[in-house]
Amino acid sequence: MKLTREVKTAILAIVAILLLIFGYNFLKGQNLLDNNRTFYAVYDNVEGLAPASDVTINGLNIGKVVAIEFLDQTGNLLVTFEVDSDFEFSKQSVAKIYGGSLIGGKSLAIEPKYEGPKAVSGDTLNGVIDTGMMELVNELLPPLQSKIEGTIVSADSLLQAVNSVLDPGTRQNLRNTIASLSATATQFQGASKSLNEILVTNRDKLDRTFSNLDEMSSNFAKISDTLSQVEVGRLVANLEKVVNDFQGIANNLKEGKGTAGKLLQDEQVYDNLEGATRQLEQLLQDLKLNPKRYVHFSLFGKNNKEYTPPQDSLR
């Protein structure tokens, strides 16, 4: 049977229409040749979820979002998505919108539950929204902005205070101080150089000095060892004995024992000594005044001379 040109044109038009419908649904994420399961979820805000977004379970891509449309007059959104996997989960599973960044969109993840009846095509799952990076940024940005503004205000106040303090005179003083510090650093550098030269020049003397100090330290160590070998206990005992002897002598003197004690304590002995001293002085005075009374040499006989009694100088 020979087809006419009109029939061929009609067949080509039908094929083109079918290809257009197939391609359009394929671009939307729908594959008309696959027997996929269709599920629904309701949200009050899809947070950037778009048709053809990925649908995952445990990170594995198992489908696409087919359509997003308003459910009612309250603004709730109905998300239709298909699952091309035969992985089974219950009706209590959760469809969570997650992800989202500055350069990427969001995806839909099914958090599977296994208790209760199995989910079948046409069921509606519980829809939740995960907090993404943009939401966190939106939550943290206002308080951070307030802190930054407060910091800027404080920094501005600080700069104003610094400007009020750093008047031209203060700035000149700071310049002079910095110049003085620079000069001081230069002097320290010169002093360090001179000290280094002195150390290099007198290295031999310093070595000898340290050697002498080392030898002196060794001698002190030997002296210390010698002192440590002295019988300190016996020396202390002897000192205690001497002190006790002196204490006994002092007690005897105080109590009037012995010759020295009697001399110190007995008043009669003191009176006798005083009387003997007085008589001795009188004798010496009489000897001085009348020497011929005690010593006489004469060839012509004795010449009696008037006697001069000595004076009692102690009375």
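**Surface patch, barrel and salt bridges**

Helix H3 (168-201) and helix H4 (203-229) each contribute at least two residues to a nonpolar patch. The model examined here is a predicted one. The patch covers about 870 Å² of the surface and is formed by Leu-195, Ile-198, Leu-199, Leu-206, Phe-210, Leu-213, Met-216, Phe-220 and Ile-223. Helix H4 provides the largest share of the patch, with six residues. Leu-195, another of the patch residues, is located in helix H3. In soluble globular proteins, nonpolar side chains tend to be buried together. The residues of the patch, by contrast, lie on the surface.

Seven strands form a closed barrel in the order E1-E4-E3-E2-E6-E5-E7, and the pairing within the barrel is mixed. From one strand to the next, the twist averages 35 degrees. Strand E7 (residues 124-129) runs parallel to E1, to which it is joined by two bridges. In one of these pairs Tyr-40 has Thr-124 of E7 as its bridge partner, and Ala-41 is partnered in E7 by Leu-125. Strands E5 and E7 also run parallel and are joined by four bridges. Here the bridge partner of Ala-95 in E7 is Gly-127.

The largest nonpolar core comprises 20 residues, among which Tyr-43, Phe-81, Leu-108 and Ile-110 touch the most other members. Two or more residues of this core are supplied by each of strand E1 (37-43), strand E2 (54-57), strand E3 (60-70), strand E4 (77-83), strand E5 (94-99) and strand E6 (106-111). The largest share of the core, four residues, is drawn from E4. The strands that supply the core in this way are also members of the closed barrel.

Three salt bridges are present in the structure. One of them is formed by the side chains of Lys-64 and Asp-54, with an N to O distance of 2.6 Å. Because Lys-64 belongs to strand E3 and Asp-54 to strand E2, this pair ties together parts that are ten residues apart in sequence. Lys-64 has a relative accessibility of 29% and therefore counts as partly exposed. Asp-54 is likewise classed as partly exposed, at 28% relative accessibility.

A further salt bridge links Glu-111 and Lys-96, whose closest N and O atoms are 2.6 Å apart. Glu-111 is in strand E6 and Lys-96 in strand E5, so this salt bridge ties together parts that are 15 residues apart in sequence. With a relative accessible area of 31%, Glu-111 is partly exposed. Strands E2, E3, E5 and E6, which hold the residues of these two pairs, are among the strands of the barrel.

The side chains of Glu-274 and Arg-278 also meet in a salt bridge, with an N to O distance of 3.8 Å. Both residues lie in helix H7 (residues 267-289), and because they are four residues apart there, about one helical turn separates them. Glu-274 is partly exposed, with a relative accessible area of 37%. Arg-278 is also partly exposed, its relative accessible area being 21%.

How values were computed: Residues are numbered from 1 along each chain as its sequence is written. This is a predicted model: local features need pLDDT of at least 70, side-chain atom pairs count only at pLDDT 80 or more; totals for chains, interfaces and linings use all residues. Side-chain values use heavy atoms; hydrogens and water are left out. Patches are made of residues with over 30% relative accessible area and no salt bridge: like charges are joined within 9 Å, nonpolar side chains (Val, Leu, Ile, Met, Phe, Trp, Tyr) within 5 Å. Accessible areas come from the Shrake-Rupley method with a 1.4 Å probe; for residues, only the protein chains shown count as cover. A salt bridge is a side-chain nitrogen of Lys or Arg within 4 Å of a carboxyl oxygen of Asp or Glu. A nonpolar core is a set of buried Ala, Val, Leu, Ile, Met, Phe, Trp, Tyr and Cys residues joined through side-chain atoms within 4.5 Å. Buried means under 20% relative accessible area, exposed over 50%, partly exposed in between (1.4 Å probe, protein chains only). Two strands pair if DSSP finds at least two bridges between them. Axes are lines fitted to C-alpha atoms, for helices over the stretch in contact, and angles run from 0 to 180 degrees between N-to-C directions.
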